[in-house]
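Me: I should like to learn how to read the side-chain contacts in a structural model. Could we take the features in turn, with the general idea ahead of the particular case?

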Amino acid sequence: QRAVVLEKERVGLLASLQETKERCKELEAYCHKWQKILKKKEVELDKLKGVDKENETLRQTVKTLEAVESTRQEQFDKLVDCRSREEVERFRSKFELKVSRLQHQLAEREASEEKLRELIDTELRSLQRWKAEMDAWDAASRRARKAEESLEWKGFLADQVKQVAGRIERRLGRLVDDEAFPDCG
């Protein structure tokens, strides 16, 4: 009779062990899936242009998360009770949240860099147009040899260039302020 009880306990323990192994395999597959997703995101980050210091910080955070994921995998092998499932779920949700925040920050960074590029290109074209007009005017004024008129035009054009430069400074200042305090806008 004692042997029957022990056999039942052994069968129960074997079933419990089998269930635990299946649960471990499922969680390992899930972790593998997240590792693949993480690797894809890392490749996307490597392809981005104009990565600055903050983007490098984001990469370091991703690497830290990978290290945490690696550590979690080692800890997972040690955990087999019900609490391990809860801990894995909590870690997974934190991990997903951090990855989505990093993606959001990266998208915002790219958008602001594009706006800045467009602003600089627009202002550069304006300055080039003004320079071309000034060069054309200088050539015409040399031919006409009208010193007084030339001085008046040079003064006028110099004032115009100062106004354009002031507009550039204000726009860049606003853009930098928006970048420095994105939550205030």
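**Salt bridges, aromatic pairs and burial**

Reply: Let us begin with a charged contact: arginine 92 and glutamate 96 join their side chains in a salt bridge, at 2.7 Å from N to O. Please keep in mind throughout that this is a predicted model.

Me: By what cut-off is such a contact called a salt bridge?

Reply: A side-chain nitrogen of Lys or Arg must lie within 4 Å of a carboxyl oxygen of Asp or Glu. The contact between arginine 92 and glutamate 96, at 2.7 Å, is a case of this. By this rule the structure has eight salt bridges.

Me: How far apart in helix α3 are arginine 92 and glutamate 96?

Reply: They are four residues apart in helix α3, so about one helical turn separates them. Glutamate 96 has a relative accessible area of 25% and is therefore partly exposed.

Me: Which other salt bridge does arginine 129 illustrate?

Reply: Arginine 129 forms a salt bridge with glutamate 133, and their closest N and O atoms are 3.8 Å apart. Here too the partners are four residues apart in helix α3, which means a separation of about one helical turn. Arginine 129 counts as partly exposed at 46% relative accessibility, and glutamate 133 counts as partly exposed at 39%. Salt bridges can also share partners: Glu89, Arg92 and Glu96 are joined in this way into one network.

Me: Where does the salt bridge of glutamate 7 and arginine 10 lie?

Reply: Both residues belong to helix α1, three residues apart, about one turn of the helix. Their side chains meet at 2.8 Å, N to O. Glutamate 7 is partly exposed at 35% relative accessibility, and arginine 10 is partly exposed with a relative accessible area of 44%.

Me: Which residues form the positive surface patch?

Reply: A patch of this kind joins like charges on residues that have no salt bridge. In this structure, Arg90, Lys94, Lys98 and Arg101 form a positive surface patch. Of these, arginine 101 lies in helix α3.

Me: Let us turn to the rings. How many aromatic pairs does the structure hold?

Reply: The structure holds three aromatic pairs. One of them joins tyrosine 30 and tryptophan 34, with 6.1 Å centre to centre and 75° between the planes, and is edge-to-face.

Me: Why is the angle of 75° read as edge-to-face?

Reply: Planes over 60 degrees apart count as edge-to-face, so an angle of 75° falls in that class. Tyrosine 30 and tryptophan 34 are four residues apart in helix α1 (residues 2-47), so about one helical turn lies between them. Tyrosine 30 is partly exposed, with a relative accessible area of 26%, whereas tryptophan 34 counts as buried at 16% relative accessibility.

Me: What other ring does tryptophan 34 pair with?

Reply: Tryptophan 34 also forms an edge-to-face pair with phenylalanine 95, at 6.2 Å centre to centre and 90° between the planes. This pair links distant parts of the chain, as tryptophan 34 is in helix α1 and phenylalanine 95 is in helix α3 (residues 82-144), 61 residues apart. Both tryptophan 34 and phenylalanine 95 are buried. Ring pairs link Tyr30, Trp34, Phe91 and Phe95 into a cluster.

Me: Is cysteine 31 buried or exposed?

Reply: Buried means under 20% relative accessible area, and cysteine 31, at 6%, is therefore buried. Cysteine 31 is placed in helix α1. Its C-alpha atom is 8.8 Å from that of arginine 92, although the two residues are 61 residues apart along the chain. Arginine 92 is the residue with which we began, in its salt bridge with glutamate 96.

Me: Finally, how many helices and strands are there in the chain?

Reply: The chain has four helices and zero strands. Read from the N terminus, its elements run α-α-α-α. Of its 185 residues, 23% count as buried.

Note on methods:
Residues are numbered from 1 along each chain as its sequence is written. This is a predicted model: local features need pLDDT of at least 70, side-chain atom pairs count only at pLDDT 80 or more; totals for chains, interfaces and linings use all residues. Side-chain values use heavy atoms; hydrogens and water are left out. Rings of Phe, Tyr and Trp (its six-membered ring) pair if their centres lie within 6.5 Å; planes under 30 degrees apart count as stacked, over 60 as edge-to-face and the rest as tilted. Helices (H or I, at least four residues) and strands (E, at least two) are DSSP runs, numbered from the N terminus. Buried means under 20% relative accessible area, exposed over 50%, partly exposed in between (1.4 Å probe, protein chains only). Patches are made of residues with over 30% relative accessible area and no salt bridge: like charges are joined within 9 Å, nonpolar side chains (Val, Leu, Ile, Met, Phe, Trp, Tyr) within 5 Å. Accessible areas come from the Shrake-Rupley method with a 1.4 Å probe; for residues, only the protein chains shown count as cover. Lys and Arg count as positive and Asp and Glu as negative; His and the chain ends are not counted. The place of a charge is taken as NZ of Lys, CZ of Arg, CG of Asp or CD of Glu.
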